[in-house]
Every structure is written in structure tokens, then in C-alpha cells.
Protein chains: 2
Amino acid sequence: MARSKAQPYHHGQLREALASSGRALLEEKGIRGFTLRECARRAGVSHAAPAYHFASIDDLLAELAVQGFNELAAAMTAEVARAEGGATSHLVAQGVGYMAFAAGNPALFQLMFSREANRLETPALAAAAEAVRNLHAAAVEAAIPHASGEIKQRMADFAGASVHGFISLLLDGQIGGKDSSRALKARGLSLLSAMAETVVRVGS
Amino acid sequence: MARSKAQPYHHGQLREALASSGRALLEEKGIRGFTLRECARRAGVSHAAPAYHFASIDDLLAELAVQGFNELAAAMTAEVARAEGGATSHLVAQGVGYMAFAAGNPALFQLMFSREANRLETPALAAAAEAVRNLHAAAVEAAIPHASGEIKQRMADFAGASVHGFISLLLDGQIGGKDSSRALKARGLSLLSAMAETVVRVGS
DNA sequence: TTCTGCCTCTTTCCATCGTCAAGATTGAGG
DNA sequence: CCTCAATCTTGACGATGGAAAGAGGCAGAA
């Protein structure tokens, strides 16, 4: 039985294809509308094909979350690299990168910071999440190098909570329901500057 | 012709029982483990019984979210009522109430502020969520009554984001992985005081 | 080269899910 | 008492996640 070249018996990149289609599906249907069979359908394979690459649907979700954390870290460092100025503006830039990733991948972002992801508890996921936290801690550390360890930790809590909370509430529609994208960005930047100002003031 | 709650028949309080068992199930299994049939099972009725009281599983989830927002508002006002001092300490107290509710109902809290809940878009849910936002805006307003409208909005963003972000990250395990409950409360209070200080300073 | 073993994918099957349709049960009003 | 409508049960359908078994295809051994 002849098979077209487009759909050979061996896909070759099924794992990547499943992750890709899964990601699109997640953004499209949300976590409750996410199904393994639809992922397989979009990748052009049978519904049982994913089983070899992902032990379960949770395994696939964990993989997506890991990807998300890696890209989140990349977005944060990229924005910092683009920024001019000192450690304080770097802290703001890192927040901009954080929000930009979240805004571009809202459903994935929520999955990454959801109880469902936490329930997965794979080492790779924990490591990827920790890398993001370390980036953040380093930025706070650089902004207030002379502060005590306790102050640094509290300011890290504070900065992280502000940024994460703002973008979370925004993506959930709790903030700025009918505001324009431009206005929302201004509100976000305003929040970031208030956050950085407080960090520097308390930590100096 | 009469309402179901006014004319109970076999179970008598099925709607309430389903909401109650559903809430327990949600906290136990998370949003992906939440099933209508298990709710019915725990309420002691057949799998199709819920259909009369809730048009769909999303209807039940929306009801739970509405309950959650109402209780969140109650927790916030209760903590404010217990607090001594002026508007600034009331702002802190409201944050304490917010965090206390979230800590006591982590899965429900995540549902309330999830994209899934947002997708439901029932009027009752929107109203319940708005009531919480109004409580928060009023507390900020009282803390900085002489500030401009724009400053008030920015400080409301800031205060809400800090509180929501901190408890969200905490419940997801991104903050204070192995710290004691006492230490975590101290970190939360420290964050709240830094938040209130910034609000008052910027808004005065 | 041919053969053999293993990795990959398909097919088939099962228990469970949400929802619908139809039948049974019960309390209330005529 | 008797009908009737609201409530609940039973049964069914399509869809899902996962397991089991078989087929296809590649790569290394002979």
C-alpha cells in the first residue's frame, strides 16, 4: 500500500510535531479543551502514535511547560540585552521580557504557573522554572548589591509578584478590560517603574 | 413552574450538594481531574442528575467561581473590619484577607483567575469578579484620597498585582518551596507593607 | 547483499467522560 | 384520589486516554 511522501509511515519528527500542534491547540482551546487525540490528528498520525514519545498526556503538557520556561528565560535575557542603562533599567527590561512572553503565549503561560503543571513535578520542569527564578534573583541582586540577604529576598518577592501579578490579571481580563493595547503597555511600564523604584529605594 | 430550590424532591438540596462536592473535588483533583460524574457520585445521585441543575459542566464551574469571588470579597471585608488603624492598614488587611482566602482554596482561586473561567463569561461571574475589584479600588482610594485619578489607577494596579502575584506564585510553589508556614506569612506581610508604603508614598 | 532485531506507527479494544433521550418516581394542586 | 410537572434513573452515543497486538521500515550483523 503506497503512502505519499508527505505522510510516510515513520514521521521522523513526531515529538517536535506533537509539541508544536499541542502548543497551538492549547492556546486555541485552553487546558480543558486540550486533547491528545487532537494533537495527533493535527500532526497527521493515529491517536496512539504519541504514546511512544510521551508516556501520557501529562508528559506532553510537561514538555510544553518546559519549552515555555525556556522561552520565557530567553525573552527576559533578550530584553535585558537590548536595554541601555544600569542595573535598575535592566530590572525593568527583564519585566518587559516577562510580560511580552506571557502576552504572546497566554494559555501556555497559565499552564506553566498552574497547579496542573506543579502536579507533574518532572525534574526538567523544576529545573527550567528554577532557571527563570535565578534570572530574576540575579537582576534584583544587581540592582541592590549592597542590601542584606533578607532585603534582597524580600525585594525579589516584591518585584516578581508585581510583574507576575500584573500580567496575570491582565491576561485574565481583570485589568483594563476595554483599554487599547497602547494604554495597557503604558500601564505595564508604569507599574514596572514603580516596582523598580521601590526595590532600589528599600534596598539602598 | 416553581424553582428547584423551593420544591426539592428526592435529594432536596442537590444543587448545593453538587456545588459542595464539586468544590471538594476541584481542590482534590485539580481542574483536569474535575468530572461531573464524580460530583454526582459524591452527592449520591446518578450521573445524569446534575443536568437538571446545571446546563453543563461549565455551568457548574461558573457557579463555583461565583461562590469563590463572593467568599473572596467576604474574606477581604472581614479582615478589614478586624483591623485597627487607618486606611493604610486597611489596605494591608485587605491583602491579608485576599491571601487567606487563596491559601484556603488554592484550586478554586486558580479557577477564578483562569482563562477557563474567563471563557465562561456569565453575567453573575462578571459581577462577582467586579465586586472584588471594586473593593480593592475603594481601599486604594481611601489610602490616597488626594491623588489624581491616574495615580490612583496606577497604584491600584500596583497593589493588586503585588498581592495577587505573590499568593499566586506561592501557591504554585515558585516562592518559598520549603519554608515554614510562619516564615511564609512573614514574607507575605513584608510584601504587603512594602506595597502599602509605595502606594502611600507615590500617592501623596 | 540478505537477514534479523528494534524502533515507530496503526489498529483494535476498554473504561470513562459529557450530554441527550426516554422512562420512572414523587410531591403538590385540583 | 388523580393528574401533572419537576426531579431523578436508566440507557445510549460519540469522544477521550490508555493498553495490547500487529504491521511497516530502518540499521547493523552475517
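Which polar backbone atom lies 2.6 Å from a phosphate oxygen of DNA strand C? I looked this up at the start, and I note that the model is predicted. The backbone atom belongs to A:Ser46.

**Entry: the surface around DNA strand C**

I then listed the surroundings of DNA strand C and found 21 residues. The closest are A:Ser46, A:Tyr52, A:His53, B:Leu36 and B:Arg37. A:Ser46 is thus both among the closest residues and the source of the backbone atom at 2.6 Å from a phosphate oxygen.

I checked two side chains of chain B next. B:Arg41 places a polar side-chain atom 2.7 Å from a phosphate oxygen of DNA strand C. B:His47 addresses a base instead, with a polar side-chain atom 3.4 Å from a base oxygen of DNA strand C. Two elements give two or more residues to this surface, namely α3 (50-53) of chain A and α2 (36-43) of chain B. I recorded α2(B) as the holder of the largest share, with three residues.

I also asked which part of the strand faces the protein. Of the atoms of DNA strand C within 4 Å of the protein, 64% belong to sugar or phosphate, and bases supply the rest. By residue class, I counted ten nonpolar, nine polar and two charged residues on the surface near DNA strand C.

**Entry: chain A as a whole**

I read the secondary structure of chain A and found ten helices and zero strands. The C-alpha atoms of chain A occupy a box of roughly 75 × 40 × 30 Å along the principal axes. Of the 204 residues in chain A, 47% are buried.

For contacts in chain A with a separation of 6 or more, I noted that 66% join residues 24 or more positions apart. The accessible surface of chain A is about 9,700 Å², and carbon and sulfur atoms account for 55% of that area.

**Entry: the nonpolar core**

I looked up the largest nonpolar core and found that it has 125 residues. The residues with the most contacts inside this core come from both chains: A:Phe69, A:Leu72, A:Val199, B:Phe69, B:Leu72, B:Tyr98 and B:Met195. In soluble globular proteins, nonpolar side chains tend to be buried together.

I followed B:Met195 further. Apart from neighbours within four places in sequence, B:Met195 contacts A:Phe158 in chain A, as well as B:Leu91, B:Phe158, B:Ala159, B:Ser162 and B:Val163 in chain B.

**Entry: two buried basic side chains**

Is A:Lys152 buried or exposed? A:Lys152 counts as buried because its relative accessibility is 17%, which is under the 20% limit. I located A:Lys152 in helix α9 (residues 149-171) of chain A. The side chain of A:Lys152 reaches the backbone oxygen of A:Pro145 at 3.3 Å. Beyond residues up to four places away in sequence, A:Lys152 touches A:Val140, A:Glu141, A:Ile144, A:Pro145 and A:Ala147.

I examined B:Arg23 in the same way. B:Arg23 sits in helix α1 (residues 14-29) of chain B and counts as buried at 15% relative accessibility. Its side chain makes a polar contact of 3.2 Å with the side chain of B:Asn105. Outside the range of four places in sequence, the residues touched by B:Arg23 are B:Leu64, B:Gln67, B:Glu71, B:Asn105 and B:Leu108.

**Entry: A:Glu28**

I found A:Glu28 in helix α1 (residues 14-29) of chain A. A:Glu28 is partly exposed, with a relative accessible area of 43%. Where does A:Glu28 make contact, leaving aside neighbours within four places in sequence? The partners are A:Arg42 and, from chain B, B:Arg119. I also noted that A:Glu28 and A:Ala107 are 79 residues apart in sequence, with 8.3 Å between their C-alpha atoms.

**Entry: positive phi at Glu121**

I checked the backbone angles of A:Glu121 and B:Glu121. A:Glu121 has a positive phi of about 55° although it is not a glycine, and B:Glu121 likewise has a positive phi, near 55°. A:Glu121 lies in the loop between α7 (115-120) and α8 (123-143) of chain A. B:Glu121 is placed in the loop between α7 (115-120) and α8 (123-143) of chain B. I recorded A:Glu121 as exposed, with a relative accessible area of 64%, and B:Glu121 as exposed at 65%.

Definitions and conventions:
Residues are numbered from 1 along each chain as its sequence is written. Chains are lettered from A and ligands numbered from 1 in the order in which they are written. This is a predicted model: local features need pLDDT of at least 70, side-chain atom pairs count only at pLDDT 80 or more; totals for chains, interfaces and linings use all residues. Side-chain values use heavy atoms; hydrogens and water are left out. A residue is near a molecule or strand if one of its heavy atoms lies within 4 Å of it. A polar contact is a pair of N or O atoms within 3.5 Å; within protein, one must be able to donate a hydrogen and the other to accept it, and residues adjacent in sequence count only if both atoms are side-chain atoms. Helices (H or I, at least four residues) and strands (E, at least two) are DSSP runs, numbered from the N terminus. Ala, Val, Leu, Ile, Met, Phe, Trp, Tyr, Cys and Pro count as nonpolar, Asp, Glu, Lys and Arg as charged, and the others, Gly among them, as polar. Buried means under 20% relative accessible area, exposed over 50%, partly exposed in between (1.4 Å probe, protein chains only). Contact means heavy atoms within 4.5 Å. Accessible areas come from the Shrake-Rupley method with a 1.4 Å probe; for residues, only the protein chains shown count as cover. A nonpolar core is a set of buried Ala, Val, Leu, Ile, Met, Phe, Trp, Tyr and Cys residues joined through side-chain atoms within 4.5 Å.
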